[in-house]
Amino acid sequence: MTQLFGVPIQALLGQLLLGLVNGSFYAVLSLGLAVIFGLLNIINFTHGALYMLGAFIAWMGLQYLGLNYWIMLFVAPVIVGLFGIVLERLLLRRLYKLDPLYGLLLTFGLTLLIEGLFRSFYGVSGQPYSTPALLRGGVNLGFMFLPIYRAWVVVASILACLLTWFIIEKTRLGALLRAGTENPKLVEAFGVNVPLMISLTFGFGVGLAGFAGVLAAPILQVSPLMGSNLIIVVFAVVVIGGMGSILGSIVTGLGLGIIEGFTKVFWPEASSTVVFIIMVIVLLTRPAGLFGKES
Amino acid sequence: MKLRTLSVALAAAGLGFGLSAQAAGISDDVIRIGFIADMSGVYADIDGNAGADAIRMAIADMGGEINGKKIELLTADHQNKADIASARAREWFDQQHLDMLIGGTNSATALAMAAVAAEKKKPFMVVGAGSSALTNAQCTPYTVHYAYNTVALANGTGSAVVREGGKSWFYLTADYAFGHSLEQDTMKVVEKSGGKNLGAVRAPLATTDFSSFLLQAQSSGAEVLGLANAGGDFINSVKAAKEFGITNTMKLAGLLVFINDVHALGLENTTGLYLTTAWYWNQDDASRAWSKRFFEKHDRAPSFLQAGDYSAAKTYLEAVKAIGTDDGDAIMKQLKSVTVNDMFIKNGHIRKDGLMMHDMYLAQVKKPDQSKAAWDYYNIVRTLPAESVFGAESTSTCALK
Amino acid sequence: MNRQLIAYLAALILLAALPALGGYPIFIMKVMCYALFACAFNLLLGYTGLLSFGHAAFLGLAAYACGQSLTVWGWPTLGGLLFGTAAAGVLGLVFGLLSIRRSGIYFAMITLALAQMQFFYFLQAPFTGGEDGLQGIPRGSILGLDLSQDINLYYVVLLIFVLGYALIWRTVHSPFGQVLKAIRENEPRMVSLGYDVDRFKLLAFVLSATLAGLAGATKSLVFVSATLSDATWQMSGTVILMTLIGGMGTLTGPVLGAIIVVALENKVGEFGRFLMQQTGIEWFRVLGESVTIVIGLIFIVCVLAFRRGIIGEWLAWRQKTG
């Protein structure tokens, strides 16, 4: 067995690959957060709870209505997106004139509420959700046995990220969006319904979270707590990448997953903290993040 | 002015809370049993609320009262947090005049509760938790370790698997008192039986994604993957092991397995698995009869923990009946002087260090075609006599023996 | 000024008499510890305008440090308390130096990140016992007073609370406190007036952390344990809530907030069961068991409608009508 720095190559590659899978989740989730913050200046703490909601809706769809994974992959994000729009209209809209920290506190309270509700109904152990039949089984790569589903997660996430990036950076809709947040009055003067655009953007951002939730359901089991530990890491990713930068969060998310995998091999105890260490370093040296713009 | 009004408000609030505690009821004419367990987390199914119901069955079987004094049950969810468990136990002892505490799953919480019970000089029966520390380094005159412990599991399952040919072991351990205890005790047994321990990896309690830990286990090259965890953690690690093809190269050894786990995983995934159990619902007529009552209420077979909750409560209540008082010291003396025989325990007696010595059983999970009825999952391979599986009293490091 | 003093004295006498009136000492001590924690936090948020999302790190470190020194090193109780408090102060200095450079949301994020790192360290470090926690901390004695008696500890905790509160009161009403308030109102102006704003913020941060540590060390004595719950981000969120409900930037607000939140945590279960028994709707029992839901609701309501907190709103109302 060949070794790299005293560690078998097999182990290293295996953990890196697993890290890539985790990184995909980080990328999709931080993408949603970055979209919301970058375009709307809202700090959305509920992102983790909505990710959990997406997973639960997928589970409920299967459990109560017999709807399979593939259907829920499209339905769940839409439901979560709609729920997000309701939240934005009802609650967040009132806070736009205030310090953005109030938005953080409100969404923090919302997170507690949503997670608490699910916790009291479903306990914390998690509901099992089986891998869709088409994606079962795995491939023996030599250095590890890779379940097909995990490979699918990477592919699906990257597709979602690319699609989002394309829409925002390369289409007219995206341009309108970016203009609308920089100068809402002017864009409104052109006859564009800016508040509607904001609501839809928020809905899209959290829809991405719901999408990630459905992807996660077969891997992580569906538990009310699945979002709360992830959300802090995702925040860190967004801050590192640059709070408004779409590309930044995608690259940072994937990169972080890989770095974590690497750390698990050489210094397992630090694997949970490495993201924060990086975040502190980045904030001190490049405060706007790796890809962000100084405002 | 504003501050005076404010402090009056504060005072009223404080008074309100203070006095309402008073009104909760001071009465020593009630025998109060408390049950603190994991009611919503990874161990909710193997003990949890159904365990509380088992205790209620024991209370009902005693007629609901002893010598005119009513029997009451208090329950709480410790959410696998030692501070919640000990704060609640303390509050019950101080404010609700709790007479006896029964501990559900999670060894860390059991250890914390044992300290509180010892401070308050009241009996504490540990049913759900398994850490051998409860009757060794952290024993107290008031702790009774009732159902099972990690030494017994290690001796039973560990030696059985080594004898089958699993000589080199790697452990996936739940990172808290129970997991460490089980890992250490099994390592000792494996070495004594001529096997080798190649290492261990520790996963936080309630981990859902075991993939990176399993990968480490696989790269160790061991023949056996010892799962030093339980409940939901056990189920998730077995599923992941299958998903990642670990089961093609390593034999899985579940060190603490409950019938609920076998049910959740299905016989196809667990056939041939060896496990050590304190009791099996289908082991004799008395057990079957009791299990039928449980099944009617909960639509599933009882785990040995739930049967243990019933037995522990009943044994305590019988002791109260025998000596006519619920004084802590008198009860402990009585408990350590009798032999216990019921559907859960055969020829059991409580040692000076608090360990309930009773026979355990080595079981093996049936093949799917061998199972004749719902929940008919085990073949009892052999009875493990108490002394052989728990060890002699001389091996205990408790200062009380 | 005199009226204030009389009011405080009256409150003090009442607190001292509560156990005799039937109050459960452990519960009241818990409230006092959390009240001190919230007051310390408020020094940073309400008076300096800095939202730290990682204050639990100081609570937790002090609890573990105190516990370790008493249980493992066998130090006298007073020494353990001082050690825990000092440890939190040092951590405050380190965290402060790293976070003060940024402000607003970035400040909050850095404090959150640092606190998470601290949490994961606690999770791994053998001395904390991880999930098991540090149990069985010996309360020992102070000046011959045996603290294993709840009632004795009660008066010691009361004294600690009073001293801590008095220190905060003194700080707020001092020139230093005025500068902090001015920084909260208009930082650029203070910079242009020549104040070393960063140094003032750092001082406030360290003071806040130290007092939070005092609360943590004291709490570890009350519950004779130090566990991971003390250092979670949920705990950081709880202290923010206490301050928000009670009233940021008021002295008594955080105390009231602490009373409300701690009482909620204790009584919500009972209230839910009561509702269930009255109405026969099983779901109320479930609601009752979920403190998180209630706390979440209160957070939302406070941020939307009640930003000044109870005391804040009350003071504003008095000003309008008085």
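# Notebook: three chains of a predicted model

**Entry 1, a methionine in chain A.** I began with A:Met279, which I found in helix α11 (residues 274-285) of chain A. I keep in mind throughout that this is a predicted model. Is A:Met279 buried or exposed? I noted that A:Met279 is buried, because 27 other C-beta atoms lie within 10 Å and 20 or more are enough for that class. I then looked up what A:Met279 touches, leaving aside residues up to four places away in sequence, and wrote down A:Ala236, A:Val239 and A:Ile240, together with C:Ala113 from chain C. I also checked A:Val237, which is 42 residues from A:Met279 in sequence, while the two C-alpha atoms are 7.6 Å apart in space.

**Entry 2, chain A as a whole.** I next stepped back to the chain that holds this methionine, and I listed 11 helices and 4 strands in chain A. The C-alpha trace of chain A spans about 65 × 50 × 35 Å along its principal axes. I compared the radius of gyration of chain A, 19 Å, with the value near 19 Å for a compact globule of 295 residues, and the two agree. Buried residues make up 58% of the 295 residues in chain A. Of the contacts in chain A with a separation of 6 or more, I noted that 77% are between residues 24 or more positions apart.

**Entry 3, where chain C meets chain A.** The contact with C:Ala113 led me to the interface, where 34 residues of chain C are in contact with 32 residues of chain A. Which helices of chain C each supply at least two residues of the side that touches chain A? I wrote down α5 (104-124), α10 (233-246), α12 (283-289) and α13 (291-305). The largest share of that side, 13 residues, comes from α5(C). By class, the side of chain C that touches chain A divides into 24 nonpolar, 7 polar and 3 charged residues.

**Entry 4, α3 and α5 of chain C.** I followed α5(C) into its own chain and found that its axis and that of helix α3 (residues 56-71) come within 9 Å and cross at roughly 30°. Angles under 35 degrees count as roughly parallel, so I recorded α3(C) as roughly parallel to α5(C). The crossing in which α3(C) passes α5(C) is left-handed. On the α3(C) side the contact is made by C:Ala56, C:Ala57, C:Gly60, C:Leu61 and C:Tyr64, and on the α5(C) side by C:Leu114, C:Ala115, C:Gln118 and C:Phe122. I sorted this contact by class and noted 7 nonpolar, 2 polar and no charged residues.

**Entry 5, α2 and α10 of chain C.** I then turned to α10(C), whose axis comes within 9 Å of that of helix α2 (residues 25-45) of chain C, with a crossing at roughly 80°. That angle makes α2(C) roughly perpendicular to α10(C). From α2(C) I listed C:Tyr34, C:Phe37, C:Ala38, C:Phe41, C:Asn42 and C:Leu45, and from α10(C) I listed C:Val239, C:Met242 and C:Thr243. The contact of α2(C) with α10(C) has 7 nonpolar, 2 polar and no charged residues.

**Entry 6, an isoleucine in chain C.** I looked up C:Ile260 after C:Met242, since the two are 18 residues apart in sequence and 7.8 Å apart in space, C-alpha to C-alpha. C:Ile260 has its place in helix α11 (residues 253-279) of chain C. I recorded C:Ile260 as partly exposed, because it has 18 C-beta neighbours inside 10 Å.

**Entry 7, chain B.** I counted 14 helices and 16 strands in chain B. The radius of gyration of chain B is 22 Å, close to the 21 Å that the globule rule gives for 401 residues, so I noted chain B as being as compact as a globular protein of that length. The C-alpha atoms of chain B fill a box of roughly 75 × 55 × 45 Å along the principal axes. Of the 401 residues of chain B, 60% count as buried.

**Entry 8, two backbone angles in chain B.** Most residues other than glycine have a negative phi. I therefore noted B:Lys121, whose phi is a positive value near 60°, in the loop between α4 (107-120) and β5 (124-126) of chain B, and partly exposed because it has 14 C-beta neighbours inside 10 Å. I also noted B:Trp375, with a positive phi near 70°, in the loop between β15 (360-365) and β16 (378-384). B:Trp375 counts as partly exposed, with 17 C-beta neighbours inside 10 Å.

Notes: Residues are numbered from 1 along each chain as its sequence is written. Chains are lettered from A and ligands numbered from 1 in the order in which they are written. This is a predicted model: local features need pLDDT of at least 70, side-chain atom pairs count only at pLDDT 80 or more; totals for chains, interfaces and linings use all residues. Two residues are in contact if their C-beta atoms, placed from the backbone, lie within 7 Å. Ala, Val, Leu, Ile, Met, Phe, Trp, Tyr, Cys and Pro count as nonpolar, Asp, Glu, Lys and Arg as charged, and the others, Gly among them, as polar. The radius of gyration is taken over C-alpha atoms; the globule rule is 2.2 Å times the number of residues to the power 0.38. A residue is buried if 20 or more other C-beta atoms lie within 10 Å of its own, exposed if 12 or fewer, and partly exposed in between; C-beta atoms are placed from the backbone. Axes are lines fitted to C-alpha atoms, for helices over the stretch in contact, and angles run from 0 to 180 degrees between N-to-C directions. Angles under 35 degrees count as roughly parallel, over 145 as roughly antiparallel, 65 to 115 as roughly perpendicular and the rest as oblique. A crossing is left-handed if the near helix is turned anticlockwise from the far one by less than a right angle, and right-handed if clockwise.
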